[in-house]
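Student: Could you take me through one part of this model up close? I'd like to look at the sheet and then follow the helices around it and the ligand.

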Amino acid sequence: MLPGEAVMSFLNLCECFSCNELWVKEFNSPDTKLKENIPIVDNNYVFELNVLNEVLLSLTSKEHDCLYLTGPSGCGKTSLVQQIAARLGWGVEQLTLCGKSDIDDLIGHSSLRRGNLCFEYGPLVRAMRFGEILLLNEIDLMPPADLAVLNDVLEGRPLTVSANLGEVIKPHRDFRVVATANSKGSGDRRGFYNGVRLQNQAFLDRWRFIEMTYPSVRAESVILKKCCTNLPEETLNRLLKLAVELRRDSNEEEITSVTSLSAPFSTRSLIRVASIFEQCSDFVEPSRIIDMGFGSRLPAVEREYVKRLCADIFGNEAFQEKCAAQEKTQTESVADKGRIKKSVRRSTKKK
Ligand SMILES: Nc1ncnc2c1ncn2[C@@H]1O[C@H](COP(=O)(O)OP(=O)(O)OP(=O)(O)O)[C@@H](O)[C@H]1O
Ligand SMILES: [Mg+2]
């Protein structure tokens, strides 16, 4: 071993992910210096084998491929990277980009500290120096000309920080770049994701793309069981059916019919609706719950359509019958209480 060289220890990936069907079995343990940047393990996160295999293959590649995860909003792109990093003990420098993000947000800027001018490193430099994953969320919102600053770095070359007297930053062996976005960089034809920009093809050519979709019905069923432990099985199955129907109706590529929805029913929305069910399904009807958790963000016609779909799937009559039955039991118990009180009064009078 050469002086100064880090000691390598290997991680057994099948053990890390409790899964024997992984394509990559072993990986050098990341040498993360900033322990506080290692994400916290979320035990409710459910990995889908195909996408997990593809992401691990890319993160562990010899060429240190840069990864572009694309897919609809709320399908789990950001959390997937965080949860993989959490299980591997890999630090993450996360930055969510927007239309006004610029090079300084990535590289850093000069600032005054106790009267001295010093350079504050940005997430890109920190990740390169400390061997972390640079997670760039919503990369397709950032102006393409500014993103060109990443071109050399994406190919594994050092970064020259001209704002810091031309300092040269060499990439650590564990430095990786992962971007997430709702588009593949070719704009947003439907207007679903307003603000998305058409990206530069030379820039896009430097990434390995993985297209994600919403988790399968089976995976979402496990997610809901983990997140909402008190949700009755029947409600869970109906919610999953609703998700399938709503996603069929929201086509991001084009408007297919009058019932095409203008907003995605994401895994995020599904979890939100399920937790409202857990809170109040005994006294609020299903279509109102779904309206609170999702429908109210839609234009009037679509909102009404969702309400009717809910009534079909959940059967509001069944809910009304349940309420009527509950009311009957309550009235009966009130009457019973009345009868008990009367008999108590009668017996005290006798005494
Ligand atoms: N496989 C999963 N297991 C558990 N929870 C999940 C899963 N996928 C998504 N979620 C939950 O759904 C929510 C949205 O996930 P996340 O933020 O990762 O989506 P995203 O694809 O990055 O969305 P956006 O495009 O809006 O940034 C999170 O709260 C996450 O916990
Ligand atoms: Mg995200």
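Tutor: Let's start with the sheet, keeping in mind that this is a predicted model. It is an open sheet of five strands, and reading across it you get the order 4-7-10-3-11, with parallel pairing. The edges belong to strand 4 (92–96) and strand 11 (207–211); each has a single partner strand, so one side of each is left without a neighbour in the sheet. On average, neighbouring strands here are turned by 20° against each other, ignoring direction.

For a closer look at one pairing, go to strand 7 (residues 133–137) and strand 10 (residues 176–181). These two run parallel and are joined by four bridges. If you want a pair to click on, try Leu 135, whose bridge partner in strand 10 is Val 178. As a general reminder, strands of a sheet pair through backbone hydrogen bonds, either parallel or antiparallel.

Now put a helix on the sheet. Helix 2 (residues 49–59) lies across strand 3 (66–70), strand 10 and strand 11. Against strand 11, helix 2 runs at about 170°.

Next, the ligand. Ligand 1 is surrounded by 20 residues, and the closest are Ser 73, Gly 76, Lys 77, Thr 78 and Ser 79. Sorted by class, the shell around ligand 1 has 11 polar, seven nonpolar and two charged residues. Helix 3 (77–88), helix 9 (217–227) and helix 11 each supply at least two residues of that shell.

Two of those helices, helix 9 and helix 11, also pack on each other. Their axes come within 10 Å and cross at roughly 40°, and helix 9 and helix 11 are therefore oblique to each other. The crossing of helix 9 with helix 11 is right-handed. On the helix 9 side, the contact uses Glu 220, Ile 223, Leu 224 and Cys 227, and helix 11 answers with Thr 267, Leu 270, Ile 271, Ala 274 and Ser 275. By class, that contact of helix 9 with helix 11 comes to six nonpolar, two polar and one charged residues.

Stay on helix 11 (residues 267–280) and look for helix 12 (residues 286–293). This pair packs at an angle of about 135°, with the axes 9 Å apart. Helix 11 and helix 12 are therefore oblique to each other, and their crossing is right-handed. From helix 11 you have Ser 269, Arg 272, Val 273, Ile 276, Phe 277 and Cys 280, which meet Ile 289, Ile 290, Met 292 and Gly 293 of helix 12. Seven nonpolar, two polar and one charged residues make up this contact of helix 11 with helix 12.

From helix 12, carry on to helix 13 (residues 300–314). The axes of helix 12 and helix 13 come within 9 Å and cross at roughly 140°. Helix 12 and helix 13 are therefore oblique to each other, and helix 12 passes helix 13 in a right-handed crossing. Helix 12 brings Pro 286, Ser 287, Ile 290 and Asp 291 to this contact, while helix 13 brings Arg 303, Val 306, Lys 307, Cys 310, Ala 311 and Phe 314. Keep an eye on Ile 290 as you rotate the view: Ile 290 is among the residues that meet helix 11, and Ile 290 also takes part in the contact with helix 13. The contact of helix 12 with helix 13 divides into six nonpolar, one polar and three charged residues.

Conventions
Residues are numbered from 1 along each chain as its sequence is written. Chains are lettered from A and ligands numbered from 1 in the order in which they are written. This is a predicted model: local features need pLDDT of at least 70, side-chain atom pairs count only at pLDDT 80 or more; totals for chains, interfaces and linings use all residues. Two strands pair if DSSP finds at least two bridges between them. Axes are lines fitted to C-alpha atoms, for helices over the stretch in contact, and angles run from 0 to 180 degrees between N-to-C directions. Two residues are in contact if their C-beta atoms, placed from the backbone, lie within 7 Å. Angles under 35 degrees count as roughly parallel, over 145 as roughly antiparallel, 65 to 115 as roughly perpendicular and the rest as oblique. A crossing is left-handed if the near helix is turned anticlockwise from the far one by less than a right angle, and right-handed if clockwise. Ala, Val, Leu, Ile, Met, Phe, Trp, Tyr, Cys and Pro count as nonpolar, Asp, Glu, Lys and Arg as charged, and the others, Gly among them, as polar. A residue is near a molecule or strand if its C-beta atom, placed from the backbone, lies within 6 Å of it.
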